Amino acid sequence: MVQPRRKLPPLNALRAFEVSGRRLNFRAAAEELGVSQGAVAQQVRALEDQLGLMLFQRLPRGLALTPQGAAYLADVTRAFDTLGEATGRLLARPDAVTISVTPTVAAKLLIPRLAEFKAALPDVELRTVATEALSDFDRDQVDIAVRLTRGPFPASLEARLLFRQELVAVASPHLIKGLPLPLTADALRKLPLLHDAVSPWPLVLRSREKLPGAVFNHTTLALDAALAGQGVALACRAFVAADLEAGRLVQVTDATTVIEPVYFLIRKRSSSPRKAVDAVWDWCAVRLSLD
């Protein structure tokens with residue numbers, strides 16, 4: 001048999017004692033608690049019996065705390081105050097919504113838009129989990145997920161297409177300075193190529209051989225290397241759109257390749273969805289979508 005971690009008297013008895021100690025009258029305590037005077041007296045007597053101590057002296061016109069009762073009342077009151085403050089802080093927190101996204105979606109799409117998100121939904125606390133692993137909405141307590149996947153989806157899930165994988169080759173303007181753009185396939189092969197875990201370079205360059213170059217386990221790392229001028233990266237247009245617009249990266253070929261799977265916004269269907277989850281879902285569907 002597992003022993004309880006804390007050795008506590010019944011909370012109802014402690015509550016009856018705390019109120020009686022403040023009011024020094026069973027009748028007044030009963031009125032505050034909304035129960036009978038006899039019930040309060042019985043709870044306090046049961047607590048005294050369990051502790052083996054007298055907490056009150058019963059007087060003709062009320063109660064008086066014993067020295068042990070006065071000391072115990074101070075500690076019990078402090079404990080109830082702590083519980084009350086914790087409950088108040090919990091209720092004062094904004095609605096929390098947990099979204100699970102891939103690391104690249106987090107770094108390239110979500111994090112740059114957090115200020116915009118806060119301005120649009122100031123009362124929502126967004127909790128972001130960056131992982132490639134599949135999410136179990138119940139076990140992982142995830143409200144919304146963004147995943148690279150394929151349909152169809154089970155009836156228990158709601159899914160919305162965010163964007164397709166349109167691959168573009170990008171590099172730092174410093175790396176390709178002086179080279180005529182767009183680059184040909186042969187010119188690309190002469191530059192250092194940056195690979196992520198999927199590494200679709202052989203598909204794009206129609207090569208049956210393994211192509212040399214640095215390999216990273218996340219696309220965002222390959223893109224960081226491209227930004228640093230270390231080579232040419234192949235990435236989904238959605239992840240480099242902001243860098244292309246700002247001139248930090250340059251699209252080095254005109255050719256693009258669209259591949260499967262695609263990025264979906266996914267959540268569990270609910271007969272009574274939370275308003276905060278609905279609000280985040282709608283915001284993501286607009287601000288993270290390219291379709």
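A cavity is here a set of grid points where a 1.4 Å probe fits but cannot get out, and a pocket is an open set with protein on both sides. The legends below describe such spaces in a predicted model.

**Figure 1. The largest cavity of the predicted model has a volume of about 40 Å³.** One cavity of 30 Å³ or more is present in the structure. Its lining consists of L194, H195, D196, S199, P200, W201, T219, A222, A233 and L234. Two elements, α9 (219–227) and β8 (232–236), give two or more residues each to this lining. By class, the lining of the largest cavity holds six nonpolar, three polar and one charged residue.

**Figure 2. The largest pocket lies between domain 2 (92–162 + 262–288) and domain 3 (165–259), because both give residues to its lining.** The space in this pocket comes to about 380 Å³. Of the 24 lining residues, E132, L148, V198, T219 and Y263 lie nearest the centre of the pocket. T219 also appears in the lining of the largest cavity.

**Figure 3. Strands in the lining of the largest pocket include β5 (144–149), β6 (157–171), β8 and β10 (257–268), each with at least two residues.** The largest share is that of β10, which supplies four residues. The lining of the largest pocket is made up of 13 nonpolar, seven polar and four charged residues. Strand β8 is also one of the elements that give two or more residues to the lining of the largest cavity.

**Figure 4. The second largest pocket encloses about 330 Å³ of space.** It is lined by 15 residues, and D143, K268, S270, P273 and V277 are the closest to its centre. At least two lining residues come from β10 and at least two from α11 (275–287). Strand β10 thus appears in this view as well as in the lining of the largest pocket, where it gives four residues. Eight charged residues line the second largest pocket, along with four nonpolar and three polar ones.

**Figure 5. Residues 9–66 are listed by UniProt, in an unreviewed entry, as "domain: HTH lysR-type".** In the predicted model, the C-alpha atoms at the two ends of this span are 19 Å apart. Helix accounts for 62% of residues 9–66 and strand for 14%.

Technical notes. Residues are numbered from 1 along each chain as its sequence is written. This is a predicted model: local features need pLDDT of at least 70, side-chain atom pairs count only at pLDDT 80 or more; totals for chains, interfaces and linings use all residues. Side-chain values use heavy atoms; hydrogens and water are left out. On a 1 Å grid over the protein atoms alone, a cavity is a set of points where a 1.4 Å probe fits but cannot get out, and a pocket is an open set with protein on both sides within 12 Å along at least five of seven lines; lining residues have an atom within 4 Å of a point. Grid points are joined across faces, edges and corners, and a volume is the space filled by probe spheres set on the points. Ala, Val, Leu, Ile, Met, Phe, Trp, Tyr, Cys and Pro count as nonpolar, Asp, Glu, Lys and Arg as charged, and the others, Gly among them, as polar. UniProt positions are given in the numbering used here, feature names are shortened, and annotations may be inferred rather than shown by experiment. Domain bounds come from an automatic or database domain assignment.
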